Amino acid sequence: MSTALLEVRDLKKHYGAPKGAFGHPGTRVKAVDGVSFSVYSGETLGLVGESGCGKSTVGKLIMRLSDPTGGMIRIDGSDITHAHGEPLRQLRRRVQMVFQDPYASLNGRMRAGAIVREPLENFDWRPAKELDSIIADLFGKVGLQREAMQKFPFEFSGGQRQRLGIARALVLSPELIVADEPVSALDVSVQAQVINLLMDLQQELGVAYLFISHDLGVVEHIAHRVAVMYFGRIVEIGQKKAVFDQPAHPYTRSLIAAAPVIDPALRRERVLLEGEIPSHDNPPAGCAFHSRCPFAFDRCRVERPELTPRKGGQLAACHLND
Ligand code: SF4
């Protein structure tokens with residue numbers, strides 16, 4: 001395989017909780033605890049897991065919106081783990097983000113054309129006419145009318161606003177877009193339109209996506225490879241087909257079984273999840289999933305499983321069949 005566009009190695013984000021009663025040290029919350037993966041040019045890696053598993057924190061660390069506690073992030077071989085100043089500015093050109101709530105991420109007092117144009121003006125100077133034609137072209141690419149350039153964000157529907165967010169992310173021709181739950185705030189019919197738009201844009205422009213979502217159905221549609229996160233760590237990662245057809249981790253199996261499938265013939269075997277997601281105040285020893293796993297045995301309660309190769313070619317962190 002070619003060199004990775006994005007490489008994440010042993011990434012960590014730990015938060016120190018405030019001191020407890022009588023000056024006892026507070027609990028250290030390990031929101032991201034040793035995550036490694038790569039994203040290659042022109043591909044989509046889906047990063048999935050329940051709310052609170054650390055997947056959005058991974059996105060923020062890559063965007064350098066938050067400082068990692070440990071590990072390394074490389075773009076095209078350059079270490080950007082602690083980038084600031086000019087290197088960070090240049091990173092913004094190559095890596096952009098699409099947010100869950102397009103309304104909150106767009107300046108409501110600016111017209112749509114100016115919103116999309118702003119990043120371009122910050123990076124290079126071109127005659128106004130040339131900028132106008134670039135922006136009009138981009139509006140066409142994301143399925144917005146040229147006249148929409150004069151509107152304010154509140155005049156758009158939710159789906160149109162997300163198209164506007166995508167246009168703004170694309171205006172600098174980034175190589176990678178970190179899309180954090182980009183369709184979860186939209187109606188189901190609009191979700192499909194925006195997902196298809198992202199896929200079409202990838203075909204046309206060759207942009208790679210790190211697609212962060214709790215929705216396995218959406219990820220199955222858009223991703224080439226899938227990484228499943230649980231309690232701050234990746235528990236399974238591999239080609240989409242291997243992960244969906246032969247899931248090796250019980251948590252992946254339970255997520256897939258819980259995802260809605262309309263055709264009853266395609267329904268998958270159910271793996272019922274018991275218990276709650278563990279608390280960061282009292283993190284479990286051994287496998288973090290053991291309190292909910294129907295297959296847990298003694299070893300699971302004391303020894304943390306590492307990612308090892310599985311039948312389908314993916315990696316999974318589970319003592320079963322390792
Ligand atoms: Fe279940 Fe044990 Fe595998 Fe963890 S290591 S997922 S508890 S079988």
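Which cavity is the space taken by the ligand? In this predicted model, the space that the ligand takes up is the largest cavity, and the tour therefore starts there.

**Stop 1: the ligand and its shell**

Select the ligand together with the residues around it, of which there are 13, and look for Cys287, Cys293, Cys300, Cys318 and His319, the ones that come nearest. If you colour this shell by residue class, 10 of its members are nonpolar and 3 are polar, while no charged residue appears among them.

**Stop 2: histidine 319**

Keep the ligand displayed and select histidine 319, one of the residues that come nearest to the ligand, which belongs to the segment after strand 12, the strand that covers 315–316. Histidine 319 has a relative accessible area of 6% and is buried. Show its side chain and two partners can be picked out: the side chain of arginine 299, joined to that of histidine 319 by a polar contact of 3.5 Å, and the backbone oxygen of glutamate 303, which the histidine side chain reaches at 2.7 Å.

**Stop 3: cysteine 318 and arginine 310**

Move next to cysteine 318, another of the residues listed as nearest to the ligand, which counts as buried at 9% relative accessibility. From the backbone oxygen of cysteine 318, follow the 2.8 Å separation to a polar atom in the side chain of arginine 310. Where does arginine 310 lie? Its place is the loop between strand 11, which covers 308–309, and strand 12, and with a relative accessibility of 10% arginine 310 counts as buried. The side chain of arginine 310 also has a polar atom that lies 2.8 Å from the backbone oxygen of leucine 320, so it is worth displaying the backbone of both cysteine 318 and leucine 320 while arginine 310 is selected.

**Stop 4: asparagine 321**

Is asparagine 321 buried or exposed? Asparagine 321, which lies in the segment after strand 12, counts as exposed at 71% relative accessibility, whereas histidine 319 is buried. To get a sense of distance across the model, draw a line from the C-alpha of asparagine 321 to that of phenylalanine 156: the two residues are 165 apart in sequence and 52 Å apart in space.

**Stop 5: cysteine 53**

Select all cysteine sulfurs next, and bear in mind that a search of the whole structure finds 0 disulfides. Cysteine 53 is a useful example, because its sulfur is 15 Å from the closest cysteine sulfur, that of cysteine 287, which is too far for a bond. Cysteine 53 is itself buried, its relative accessible area being 5%.

**Stop 6: two residues with positive phi**

Most residues other than glycine have a negative phi. Go first to arginine 64, where phi is positive and near 60°; this residue sits in the loop between helix 1 (55–62) and strand 4 (70–75), and it counts as buried at 10% relative accessibility. Then select phenylalanine 231, which is not a glycine either but has a positive phi of about 50°. Phenylalanine 231 is found in the loop that lies between strand 9 (225–230) and strand 10 (233–239), and its relative accessible area of 12% makes it buried.

Methods
Residues numbered from 1 in each chain as written. Predicted model: local features only at pLDDT ≥ 70, side-chain atom pairs only at ≥ 80, totals over all residues. Heavy atoms only, no water. Disulfide = S-S within 2.5 Å. Buried < 20%, exposed > 50% of the residue type's maximum accessible area, 1.4 Å probe, protein only. Near = heavy atom within 4 Å. 1 Å grid on protein atoms, 1.4 Å probe; cavity = no way out; pocket = protein on both sides within 12 Å on 5 of 7 lines; lining within 4 Å. Sits in = over half its atoms within 2 Å of the grid points. Nonpolar A, V, L, I, M, F, W, Y, C, P; charged D, E, K, R; others polar. Helix = DSSP H or I, 4+ residues; strand = E, 2+ residues; numbered from the N terminus. Polar contact = N/O pair within 3.5 Å; in protein donor to acceptor, adjacent residues only side chain to side chain.
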